[in-house]
Amino acid sequence: MTRDMVGYGGKWPDMAWPNGARLAVSVAVNFEEGAEQQVGDGDPQCERIGEVISVVAPGVRDMGQEQIFAYGTRAGFWRMLDALDRHAIPATFLMCGRAVERAPSLAAEVTRRGHEAAAHGWLWRPQADYTSREAESVDLDRCIAAIAKACGIASQGFFCRGSESIWTRGLLQERGFAWVSNAFDDDLPYDDPAHPGLFVLPYALDTNDMKFFHPNGFVRASEMVEYVNDALDVLLAEASQGKPRLLNIGYHLRIAGRPARFPAFEKVLARLAGLGDQIWVARRMDIAKAWRAATHA
(Lines give C-alpha, C1' and ligand atoms only; values in the text may rest on other atoms or scores of the structure.)
Protein backbone atom coordinates (compact mmCIF):
# COMPACT_ATOMS: atom_id res chain seq x y z
CA MET A 1 0.00 0.00 0.00
CA THR A 2 1.41 3.39 -1.03
CA ARG A 3 1.23 6.05 1.68
CA ASP A 4 -0.60 9.20 0.56
CA MET A 5 0.99 12.16 2.35
CA VAL A 6 -0.91 14.82 0.35
CA GLY A 7 -4.61 13.96 0.54
CA TYR A 8 -6.76 16.85 -0.67
CA GLY A 9 -3.71 19.07 -1.03
CA GLY A 10 -5.56 22.06 0.39
CA LYS A 11 -8.29 21.87 -2.27
CA TRP A 12 -11.34 20.94 -0.24
CA PRO A 13 -14.53 19.78 -1.96
CA ASP A 14 -17.27 22.39 -2.10
CA MET A 15 -20.00 20.60 -0.18
CA ALA A 16 -22.29 20.99 2.81
CA TRP A 17 -23.80 18.33 5.03
CA PRO A 18 -27.56 17.59 4.76
CA ASN A 19 -28.66 20.35 7.18
CA GLY A 20 -26.48 22.94 5.45
CA ALA A 21 -23.70 22.88 8.04
CA ARG A 22 -20.09 22.54 6.95
CA LEU A 23 -19.01 20.67 10.09
CA ALA A 24 -20.21 17.12 10.76
CA VAL A 25 -19.65 15.52 14.16
CA SER A 26 -19.59 11.80 14.89
CA VAL A 27 -19.98 10.52 18.44
CA ALA A 28 -18.61 6.98 18.65
CA VAL A 29 -19.14 4.73 21.67
CA ASN A 30 -16.96 1.64 21.92
CA PHE A 31 -18.86 -1.49 22.97
CA GLU A 32 -16.02 -3.94 23.59
CA GLU A 33 -16.33 -5.08 27.20
CA GLY A 34 -16.21 -8.86 27.32
CA ALA A 35 -14.24 -8.99 24.09
CA GLU A 36 -10.93 -7.95 25.61
CA GLN A 37 -8.41 -10.75 25.98
CA GLN A 38 -8.72 -12.56 29.32
CA VAL A 39 -7.13 -15.81 30.43
CA GLY A 40 -10.41 -16.67 32.13
CA ASP A 41 -12.04 -16.67 28.69
CA GLY A 42 -9.44 -19.00 27.25
CA ASP A 43 -7.26 -16.30 25.75
CA PRO A 44 -3.48 -16.65 26.04
CA GLN A 45 -3.11 -13.42 28.01
CA CYS A 46 -5.10 -10.77 29.86
CA GLU A 47 -5.60 -7.21 28.72
CA ARG A 48 -3.16 -5.03 30.62
CA ILE A 49 -4.62 -1.55 30.02
CA GLY A 50 -7.31 -0.59 32.55
CA GLU A 51 -7.72 1.76 35.48
CA VAL A 52 -4.19 0.68 36.38
CA ILE A 53 -1.65 -1.44 34.52
CA SER A 54 -2.31 -5.05 35.47
CA VAL A 55 0.20 -6.54 37.90
CA VAL A 56 -1.08 -10.10 37.47
CA ALA A 57 1.50 -12.40 35.96
CA PRO A 58 1.11 -13.28 32.26
CA GLY A 59 -0.96 -16.42 31.75
CA VAL A 60 -2.79 -16.02 35.09
CA ARG A 61 -6.47 -15.09 35.28
CA ASP A 62 -6.93 -11.43 36.25
CA MET A 63 -10.38 -11.20 37.82
CA GLY A 64 -9.86 -7.56 38.78
CA GLN A 65 -9.30 -6.58 35.18
CA GLU A 66 -12.37 -8.61 34.17
CA GLN A 67 -14.46 -6.59 36.63
CA ILE A 68 -13.07 -3.26 35.46
CA PHE A 69 -14.33 -4.11 31.98
CA ALA A 70 -17.65 -5.48 33.25
CA TYR A 71 -18.43 -2.12 34.86
CA GLY A 72 -18.82 -0.73 31.36
CA THR A 73 -21.79 -2.91 30.43
CA ARG A 74 -23.29 -3.28 33.90
CA ALA A 75 -23.36 0.42 34.80
CA GLY A 76 -21.68 2.76 32.32
CA PHE A 77 -23.77 1.58 29.38
CA TRP A 78 -27.06 2.77 30.86
CA ARG A 79 -25.66 6.09 32.08
CA MET A 80 -24.30 6.91 28.65
CA LEU A 81 -27.25 5.60 26.63
CA ASP A 82 -29.66 7.68 28.70
CA ALA A 83 -27.49 10.78 28.20
CA LEU A 84 -27.65 10.32 24.43
CA ASP A 85 -31.44 10.24 24.75
CA ARG A 86 -31.54 13.38 26.93
CA HIS A 87 -29.56 15.39 24.42
CA ALA A 88 -31.07 13.74 21.32
CA ILE A 89 -27.62 12.86 19.97
CA PRO A 90 -27.34 9.97 17.48
CA ALA A 91 -24.23 7.84 17.95
CA THR A 92 -22.36 4.99 16.36
CA PHE A 93 -21.59 2.07 18.67
CA LEU A 94 -18.45 0.18 17.67
CA MET A 95 -19.30 -3.37 18.68
CA CYS A 96 -16.96 -6.29 19.19
CA GLY A 97 -18.61 -9.58 18.30
CA ARG A 98 -17.82 -11.43 21.53
CA ALA A 99 -19.07 -8.46 23.55
CA VAL A 100 -22.37 -8.56 21.67
CA GLU A 101 -22.64 -12.32 22.05
CA ARG A 102 -22.29 -11.96 25.82
CA ALA A 103 -24.81 -9.13 26.17
CA PRO A 104 -27.16 -9.30 23.16
CA SER A 105 -29.98 -7.50 24.96
CA LEU A 106 -27.73 -4.46 25.43
CA ALA A 107 -26.69 -4.45 21.78
CA ALA A 108 -30.34 -4.67 20.77
CA GLU A 109 -31.18 -1.71 23.01
CA VAL A 110 -28.61 0.40 21.16
CA THR A 111 -30.32 0.02 17.81
CA ARG A 112 -33.79 0.14 19.37
CA ARG A 113 -32.95 3.67 20.47
CA GLY A 114 -31.86 4.62 16.96
CA HIS A 115 -28.09 4.34 17.14
CA GLU A 116 -25.82 2.59 14.67
CA ALA A 117 -24.25 -0.81 15.37
CA ALA A 118 -20.90 -1.02 13.58
CA ALA A 119 -18.40 -3.87 13.57
CA HIS A 120 -15.36 -3.56 15.85
CA GLY A 121 -13.82 -6.98 15.26
CA TRP A 122 -14.56 -10.25 17.03
CA LEU A 123 -12.14 -9.44 19.84
CA TRP A 124 -10.74 -6.12 21.00
CA ARG A 125 -7.45 -6.66 19.19
CA PRO A 126 -5.63 -5.31 16.14
CA GLN A 127 -6.61 -6.93 12.86
CA ALA A 128 -2.92 -6.62 12.03
CA ASP A 129 -2.34 -9.55 14.41
CA TYR A 130 -3.92 -11.98 11.95
CA THR A 131 -1.43 -14.14 10.12
CA SER A 132 -3.78 -15.23 7.35
CA ARG A 133 -6.69 -13.85 5.35
CA GLU A 134 -8.70 -16.96 6.15
CA ALA A 135 -8.38 -16.57 9.94
CA GLU A 136 -9.34 -12.91 9.79
CA SER A 137 -12.29 -13.72 7.52
CA VAL A 138 -13.68 -16.26 10.00
CA ASP A 139 -13.56 -13.81 12.92
CA LEU A 140 -14.99 -10.94 10.87
CA ASP A 141 -17.95 -13.10 9.91
CA ARG A 142 -18.43 -14.10 13.55
CA CYS A 143 -18.63 -10.42 14.49
CA ILE A 144 -21.06 -9.61 11.68
CA ALA A 145 -23.27 -12.58 12.61
CA ALA A 146 -23.36 -11.69 16.33
CA ILE A 147 -24.48 -8.13 15.59
CA ALA A 148 -27.06 -9.28 13.04
CA LYS A 149 -28.51 -11.82 15.48
CA ALA A 150 -28.76 -9.35 18.37
CA CYS A 151 -29.74 -6.21 16.49
CA GLY A 152 -31.46 -7.57 13.40
CA ILE A 153 -29.34 -5.44 11.06
CA ALA A 154 -26.27 -5.79 8.90
CA SER A 155 -23.38 -3.59 9.97
CA GLN A 156 -22.35 -1.04 7.35
CA GLY A 157 -19.09 0.09 8.89
CA PHE A 158 -15.95 -1.16 10.56
CA PHE A 159 -13.23 0.02 12.93
CA CYS A 160 -10.77 -2.12 14.87
CA ARG A 161 -8.30 -1.53 17.65
CA GLY A 162 -4.87 -0.48 16.45
CA SER A 163 -4.40 -1.29 12.80
CA GLU A 164 -6.04 -3.21 9.99
CA SER A 165 -4.25 -6.08 8.33
CA ILE A 166 -3.32 -6.04 4.68
CA TRP A 167 -6.49 -8.06 4.02
CA THR A 168 -9.06 -6.13 6.06
CA ARG A 169 -10.39 -3.71 3.47
CA GLY A 170 -10.71 -6.38 0.82
CA LEU A 171 -12.75 -8.51 3.20
CA LEU A 172 -14.99 -5.54 4.03
CA GLN A 173 -15.45 -4.66 0.37
CA GLU A 174 -16.49 -8.24 -0.43
CA ARG A 175 -19.13 -8.04 2.30
CA GLY A 176 -20.61 -4.78 1.06
CA PHE A 177 -19.46 -2.49 3.86
CA ALA A 178 -19.96 1.22 3.23
CA TRP A 179 -17.28 2.71 5.46
CA VAL A 180 -14.08 1.94 7.33
CA SER A 181 -12.50 4.11 10.01
CA ASN A 182 -8.99 2.79 10.57
CA ALA A 183 -7.51 6.10 9.45
CA PHE A 184 -6.21 8.99 11.51
CA ASP A 185 -4.92 11.15 8.69
CA ASP A 186 -7.56 13.70 7.72
CA ASP A 187 -10.48 15.89 8.80
CA LEU A 188 -12.66 14.65 5.93
CA PRO A 189 -13.80 11.32 4.50
CA TYR A 190 -12.08 10.16 1.35
CA ASP A 191 -12.14 7.37 -1.23
CA ASP A 192 -9.91 4.32 -1.13
CA PRO A 193 -8.97 3.84 -4.81
CA ALA A 194 -7.93 0.25 -4.15
CA HIS A 195 -11.38 -0.63 -2.78
CA PRO A 196 -14.06 1.25 -4.76
CA GLY A 197 -17.29 1.85 -2.89
CA LEU A 198 -15.62 1.72 0.52
CA PHE A 199 -15.36 5.20 2.04
CA VAL A 200 -12.74 6.05 4.62
CA LEU A 201 -14.17 8.00 7.57
CA PRO A 202 -11.13 8.98 9.64
CA TYR A 203 -11.28 8.42 13.40
CA ALA A 204 -9.44 10.35 16.13
CA LEU A 205 -7.42 9.23 19.13
CA ASP A 206 -6.95 12.70 20.64
CA THR A 207 -10.61 13.68 21.12
CA ASN A 208 -11.04 10.31 22.77
CA ASP A 209 -11.60 9.26 26.38
CA MET A 210 -8.95 6.52 26.04
CA LYS A 211 -6.53 9.32 26.90
CA PHE A 212 -7.75 9.03 30.50
CA PHE A 213 -5.87 5.73 30.51
CA HIS A 214 -2.61 7.18 29.17
CA PRO A 215 -0.03 9.16 31.17
CA ASN A 216 0.07 12.03 28.66
CA GLY A 217 -3.72 12.33 28.56
CA PHE A 218 -6.66 13.61 30.54
CA VAL A 219 -6.95 13.42 34.32
CA ARG A 220 -10.11 15.38 35.10
CA ALA A 221 -13.29 15.25 33.04
CA SER A 222 -13.07 19.01 32.48
CA GLU A 223 -9.81 18.53 30.57
CA MET A 224 -11.49 16.43 27.91
CA VAL A 225 -14.43 18.84 27.71
CA GLU A 226 -12.06 21.78 27.16
CA TYR A 227 -10.05 19.81 24.62
CA VAL A 228 -13.12 18.87 22.58
CA ASN A 229 -14.41 22.44 22.80
CA ASP A 230 -11.11 23.68 21.38
CA ALA A 231 -11.45 21.23 18.49
CA LEU A 232 -15.00 22.39 17.85
CA ASP A 233 -13.98 26.06 17.91
CA VAL A 234 -11.16 25.52 15.39
CA LEU A 235 -13.28 23.45 13.01
CA LEU A 236 -16.27 25.79 13.29
CA ALA A 237 -14.00 28.68 12.30
CA GLU A 238 -12.76 26.73 9.28
CA ALA A 239 -16.33 25.73 8.41
CA SER A 240 -17.32 29.40 8.46
CA GLN A 241 -14.76 29.89 5.68
CA GLY A 242 -16.60 27.30 3.57
CA LYS A 243 -14.34 24.36 4.35
CA PRO A 244 -16.18 21.07 5.01
CA ARG A 245 -14.95 19.23 8.08
CA LEU A 246 -15.58 16.12 10.22
CA LEU A 247 -14.90 15.84 13.96
CA ASN A 248 -14.80 12.43 15.62
CA ILE A 249 -15.28 12.07 19.37
CA GLY A 250 -14.68 8.63 20.88
CA TYR A 251 -15.87 7.17 24.18
CA HIS A 252 -15.79 3.84 26.03
CA LEU A 253 -18.41 2.43 28.38
CA ARG A 254 -15.89 1.55 31.09
CA ILE A 255 -14.10 4.91 30.86
CA ALA A 256 -16.55 7.79 30.39
CA GLY A 257 -19.24 5.64 32.00
CA ARG A 258 -17.56 6.09 35.40
CA PRO A 259 -19.18 8.82 37.55
CA ALA A 260 -16.08 11.02 37.84
CA ARG A 261 -15.47 10.94 34.08
CA PHE A 262 -19.10 11.01 32.97
CA PRO A 263 -19.15 14.85 32.71
CA ALA A 264 -16.64 14.43 29.86
CA PHE A 265 -19.52 12.78 28.00
CA GLU A 266 -22.53 14.70 29.29
CA LYS A 267 -21.04 18.18 28.87
CA VAL A 268 -19.76 17.47 25.38
CA LEU A 269 -23.20 16.21 24.35
CA ALA A 270 -24.73 19.37 25.80
CA ARG A 271 -22.35 21.53 23.77
CA LEU A 272 -23.15 19.62 20.59
CA ALA A 273 -26.88 19.92 21.18
CA GLY A 274 -26.51 23.63 21.91
CA LEU A 275 -24.79 24.32 18.59
CA GLY A 276 -27.95 23.42 16.69
CA ASP A 277 -27.65 23.67 12.91
CA GLN A 278 -24.13 25.07 13.09
CA ILE A 279 -23.09 21.41 13.02
CA TRP A 280 -24.54 18.14 11.78
CA VAL A 281 -24.33 15.37 14.38
CA ALA A 282 -24.88 12.04 12.69
CA ARG A 283 -24.23 8.33 12.75
CA ARG A 284 -21.26 7.24 10.72
CA MET A 285 -23.37 5.35 8.20
CA ASP A 286 -25.32 8.56 7.56
CA ILE A 287 -22.10 10.54 7.18
CA ALA A 288 -20.86 8.02 4.60
CA LYS A 289 -24.18 8.20 2.74
CA ALA A 290 -24.18 12.01 2.74
CA TRP A 291 -20.57 12.12 1.59
CA ARG A 292 -21.32 9.79 -1.30
CA ALA A 293 -24.33 11.87 -2.35
CA ALA A 294 -22.42 15.17 -2.19
CA THR A 295 -19.17 14.10 -3.84
CA HIS A 296 -20.16 11.27 -6.19
CA ALA A 297 -23.29 12.67 -7.85
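# Exercises on a predicted model

On the side of helix α3 away from its buried residues, Ser105 and Arg112 are exposed. Keep in mind that this is a predicted model. Let's work through it piece by piece.

## Exercise 1: the two sides of α3

Find which residues of helix α3 are buried, and work out how they are arranged around the axis.

*Step 1.* Start with the list: in α3, which spans residues 104–112, the buried residues are Leu106, Ala107, Glu109 and Val110.

*Step 2.* Now look down the axis. The buried residues of α3 sit within an arc of 155 degrees, so they line one face of the helix.

*Step 3.* Check what lies over them. The cover includes the strands β1 (23–31), β2 (92–95) and β3 (116–119). It also includes the helices α1 (63–87), α2 (97–102) and α4 (133–151).

*Step 4.* Step just past the end of α3, and you meet glycine 114 with a positive phi of about 95 degrees.

## Exercise 2: strand β1 and its partners

Work out how many residues of β1 are buried, and which strands pair with it.

*Step 1.* Count the burial: nine of the nine residues of β1 are buried.

*Step 2.* Sort them by direction. Leu23, Val25, Val27, Val29 and Phe31 point one way, while Ala24, Ser26, Ala28 and Asn30 point the other way. Both sets are buried.

*Step 3.* Go through the partners.

- β8 (residues 245–252) pairs with β1 in the parallel sense over eight bridges, and valine 25 stands opposite leucine 247 there.
- β2 runs parallel to β1 and is joined to it by four bridges, with alanine 28 opposite threonine 92.
- β9 (residues 279–281) also pairs with β1 in the parallel sense, over three bridges, and leucine 23 faces isoleucine 279.

## Exercise 3: three salt bridges

The structure holds 23 salt bridges. For the pairs of arginine 102, aspartate 82 and aspartate 192, say what each one links and whether its residues are buried or partly exposed.

*Step 1.* Take arginine 102 and aspartate 41, whose closest N and O atoms are 2.7 Å apart. Arginine 102 is in helix α2 and aspartate 41 is in the loop between β1 and α1, so this pair links distant parts of the chain, 61 residues apart. Arginine 102 has 46% relative accessibility and counts as partly exposed. Aspartate 41, at 30%, is partly exposed too.

*Step 2.* Next comes aspartate 82 with arginine 113, at 2.9 Å from N to O. Here helix α1 provides aspartate 82, and the loop between α3 and β3 provides arginine 113, with their positions 31 residues apart in the chain. Relative accessibility is 33% for aspartate 82, which counts as partly exposed. For arginine 113 the value is 22%, again partly exposed.

*Step 3.* Widen the view a little: Asp82, Asp85, Glu109, Arg112 and Arg113 are linked in a network of salt bridges. Two of these names should ring a bell from Exercise 1: Glu109 is on the buried list of α3, and Arg112 is exposed.

*Step 4.* Finish with aspartate 192 and arginine 169, which meet at 3.0 Å, N to O. Aspartate 192 is in the loop between β6 and β7 (199–200) and arginine 169 is in helix α5 (residues 168–174), so the pair ties together parts 23 residues apart in sequence. Aspartate 192 counts as buried at 11% relative accessibility, and arginine 169 is buried at 9%.

## Exercise 4: the setting of serine 181

Describe where serine 181 lies and what its side chain contacts.

*Step 1.* Locate serine 181 in the loop between β5 (179–180) and β6 (190–191).

*Step 2.* Check its accessibility. The cut-off for buried is under 20%, and serine 181 has a value of 1%, so serine 181 counts as buried.

*Step 3.* Look for a polar partner: the side chain of serine 181 makes a polar contact with that of arginine 284 (2.8 Å).

*Step 4.* Add the rest. Beyond neighbours within four places in sequence, serine 181 is in contact with Phe158, Phe159, Leu201, Pro202, Tyr203 and Arg284.

## Exercise 5: the cysteines

How many disulfides does the structure hold?

*Step 1.* The structure holds zero.

*Step 2.* Test cysteine 46: the nearest cysteine sulfur, that of cysteine 96, is 16 Å away. Cysteine 46 counts as buried, at 11% relative accessibility.

*Step 3.* Test cysteine 160: its nearest cysteine sulfur also belongs to cysteine 96, 9.4 Å away. Cysteine 160 is buried, with a relative accessible area of 0%.

Terms used:
Residues are numbered from 1 along each chain as its sequence is written. This is a predicted model: local features need pLDDT of at least 70, side-chain atom pairs count only at pLDDT 80 or more; totals for chains, interfaces and linings use all residues. Side-chain values use heavy atoms; hydrogens and water are left out. Buried means under 20% relative accessible area, exposed over 50%, partly exposed in between (1.4 Å probe, protein chains only). The arc is that of the directions from the helix axis to the C-beta atoms. Contact means heavy atoms within 4.5 Å. A polar contact is a pair of N or O atoms within 3.5 Å; within protein, one must be able to donate a hydrogen and the other to accept it, and residues adjacent in sequence count only if both atoms are side-chain atoms. A salt bridge is a side-chain nitrogen of Lys or Arg within 4 Å of a carboxyl oxygen of Asp or Glu. A disulfide is a pair of cysteine sulfur atoms within 2.5 Å. Two strands pair if DSSP finds at least two bridges between them.
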